[in-house]
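Visitor: I should like a close look at a single part of this molecule, with its partners and surroundings described in turn. Please then place that part within the rest of the chain.

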Amino acid sequence: MVEYFLPSRIILLPRNPQYVHRATKGDSPAIIRDPVIGADFYGYYLNLGYSVSGITDNPNPIIGEWAMPDDYHVQYIQHLDRQGIEHGLIPSDGAQREAQALQKEADEQAAQQEADRVYEEALQTARQRLEKSYGPNQDPNAVQKYLEALDAAQMAKAEGVPLDLLGIVEKLQAEVLKGVDPGKSGVCKDLSLYLKRKRTENPGFLETAITASAGDRGDLNVMALVDLNVGPEYVFHGIGPLRNVTRNPISRPRSPGQSRPSFWIGWNAQSQGVPVVPNAEHYADNHPERVHEDRIQRYPFMQHPNEDAWSLLSSIPFYRLWDMGEMYVDDTKCAVDVDKMGNVCNRDTRRGCEDTTHFGNGVPICDECENESRQAFAQQFLYLAVNMRQYFCANCTTTTHPDLYWLAGKGVDVYYHKPNFLPVPDFSGDSISAAGLSQKVGGWKGNPLPITGCACALKLFGRRICNPHRMQYMIDMATATARMKTYINSLYGREVCPKCKEYAGCDKYLFTGGRGGYLHRHIAWVCLVCHGYVYAEPEAKDVQAGINQLFKNNSHMAPYQIRREERNKAGALLAKQYLNNHTKYGDEGNNGGDDNNGQ
């Protein structure tokens, strides 16, 4: 490694001798540079109206019309390099940059090692405190069960699962000190949810059928989706299968969930914490405010349909890996099914399905097939998009500007038009169930997006997605929406505002009259699929207009950026999975990678 040092007698002379400051160190004189940065370069004096050499050349300065060149900053950097080389401070062969890079790497490694050592010591100390903790009226074996939860987290971290163990052990200790039984501990339950999602096996399938779990799917016309997703009659009854897919993404982690889903009541909620006042004598059976007591469930509460607040579309990237889905180096044949006889499109394309659960060759999709698919599926999405919105009531949307501070620090995704003169609240928060405390989740996601306001519709129609995935996701989204509405009714006996949980949303009054928020400057809703919060202008209630907006101009579809390093990584993984598929796994597909936090 090359070492650099500054000899005591090196002289750095500024352009203007009048402003040289002299100092002495022992018997060695030292001359240091004028304290004005850049005063030793020609533009400093030209800008003041003097000549290149300095003020001694022009005792009666007149401000000139000198214009700074566009590359002046580059010239100045080169000037500094020349100065260093001239005085022996910088090697002229480029070794400085190499040495600096090596030194930086060594410093980072040393810093990381020191940080790891400090962290391990702190973790060990925290664990010892946990072992000695004891809560009021608590089973003596309770601490051991908490330690077992911590052991599971440590084992997962050793396997590469992102976790802040120090933060987790502190939360576990807080539960112990409060006397919370491990079986009722929210921290333990959140940790279990997170580890279960992160450590699942990841089998691969060359072909697998569309699945539809039992339950209400609202107004979704599933048979219409079947017509849009044709497949081989002789294998999957004419329904196009998912091809080359794994359970979890292989080329990129899933988008992280939020800290908590909407209408979350807590693991240990009591009935008095969710009060409901019967009002049958005041409202007709079909009135939006009527509490239907037969729908209410207590002892126990109904389980939340989406406890860890993960979006069903988390494997579709919000920040794209491939621009417009262009993921193939060479022309590839479009693999979209065109009939029930097993025939495919076969047009040349370099673009394919952007869902990150694909492996091997993925699913190539040409522009014609993609445009046709988007338009057709989007029309079937209309009613679902309306049902996915749980609107706020009129009382909670009366302010001139959206009241957003009630969401600050809650770890939720928020979409709204930010006025230039108002700051953005920090919506991010910690979460065990979504990120194992390894990162903050939630935040301001920009302006409301087309159709759903949140990222759901953008992922489904603003990304290149194969027909089977579009069909599967729409079925899953309809089921999730219906289950959330059933859950809300089980809590309150009716559908209520996501904020106050006292009144029905403006949509129940058709956005007319006082309770419908007529003349309000904004409307608001929470998505029952991804649980993102949306504050938008009243015109946003027109879902068809949102579809037209999405397909009219792709340039505004999303605040996304193409990450080249991820594109290269994904391409390498795609090629690797393709080779593995053809050499090792045969017809059984391929195992994928981990699904750590992503976007």
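Guide: In strand β11, alanine 536 is the bridge partner of isoleucine 523. The model in view is predicted, and the account below starts from this strand.

Strand β11 covers residues 533–536. Its side chains point two ways: Tyr533 and Tyr535 are directed to one side, Val534 and Ala536 to the other, and all of them are buried. The pair that opened this description belongs to the contact with strand β10, which spans residues 523–527. Strands β10 and β11 run antiparallel and are joined by four bridges. Between these two strands lies a hairpin with five residues, and within that hairpin histidine 531 takes a positive phi near 65°.

The other neighbour to consider is strand β8, made up of residues 413–415. Here the direction is parallel, and two bridges join β8 to β11. One partnership links valine 414 to tyrosine 533 of β11. Another links tyrosine 415 to valine 534 of β11. Tyr533 and Val534 thus each have a partner in β8, while their side chains leave β11 in opposite directions.

These pairings fit into a wider arrangement. The sheet is open, has five strands and follows the order β7-β10-β11-β8-β9, with mixed pairing. Its edge strands are β7 (389–391) and β9 (443–444), each of which pairs on one side only. In that order, β11 stands between β10 and β8.

The loop between β7 and β8 contains tyrosine 405. This residue counts as exposed, because its relative accessibility is 54% and the limit for that class is over 50%. Leaving aside residues up to four places away in sequence, tyrosine 405 touches Pro423 and Pro425. The C-alpha atoms of tyrosine 405 and aspartate 426 are separated by 8.5 Å, with their positions 21 residues apart along the chain. The contrast with β11 is one of exposure: tyrosine 405 is exposed, whereas Tyr533 and Tyr535 are buried.

Elsewhere in the chain, a pair of helices offers a further view of packing. Helix α4 (residues 142–158) and helix α6 (residues 186–198) have axes 11 Å apart and pack at an angle of about 25°. The two are therefore classed as roughly parallel, since angles under 35 degrees receive that description. The crossing of α4 past α6 is left-handed. On the α4 side the contact involves Tyr146, Ala149, Ala152, Ala153 and Ala156, which meet Cys188, Leu191 and Leu195 of α6. By class, this contact has eight nonpolar residues, with no polar and no charged ones.

The loop that lies between α6 and β3 (204–208) holds asparagine 202. Asparagine 202 is buried because its relative accessible area is 6%, and buried residues are those under 20%. Its C-alpha atom and that of threonine 246 are separated by 6.1 Å, although the two residues are 44 apart along the chain.

As for the whole, the protein chain has 15 helices and eleven strands. It contains 599 residues, of which 46% count as buried; the four residues of β11 described above are among the buried ones. Among contacts between residues at least 6 apart in sequence, 74% join residues at least 24 apart.

How values were computed:
Residues numbered from 1 in each chain as written. Predicted model: local features only at pLDDT ≥ 70, side-chain atom pairs only at ≥ 80, totals over all residues. Heavy atoms only, no water. Buried < 20%, exposed > 50% of the residue type's maximum accessible area, 1.4 Å probe, protein only. Pairing = 2+ DSSP bridges. Axes fitted to C-alpha atoms, helices over the stretch in contact; angles between N-to-C directions. Parallel < 35°, antiparallel > 145°, perpendicular 65-115°, else oblique. Left-handed = near helix turned anticlockwise from the far one by under 90°. Contact = heavy atoms within 4.5 Å. Nonpolar A, V, L, I, M, F, W, Y, C, P; charged D, E, K, R; others polar.
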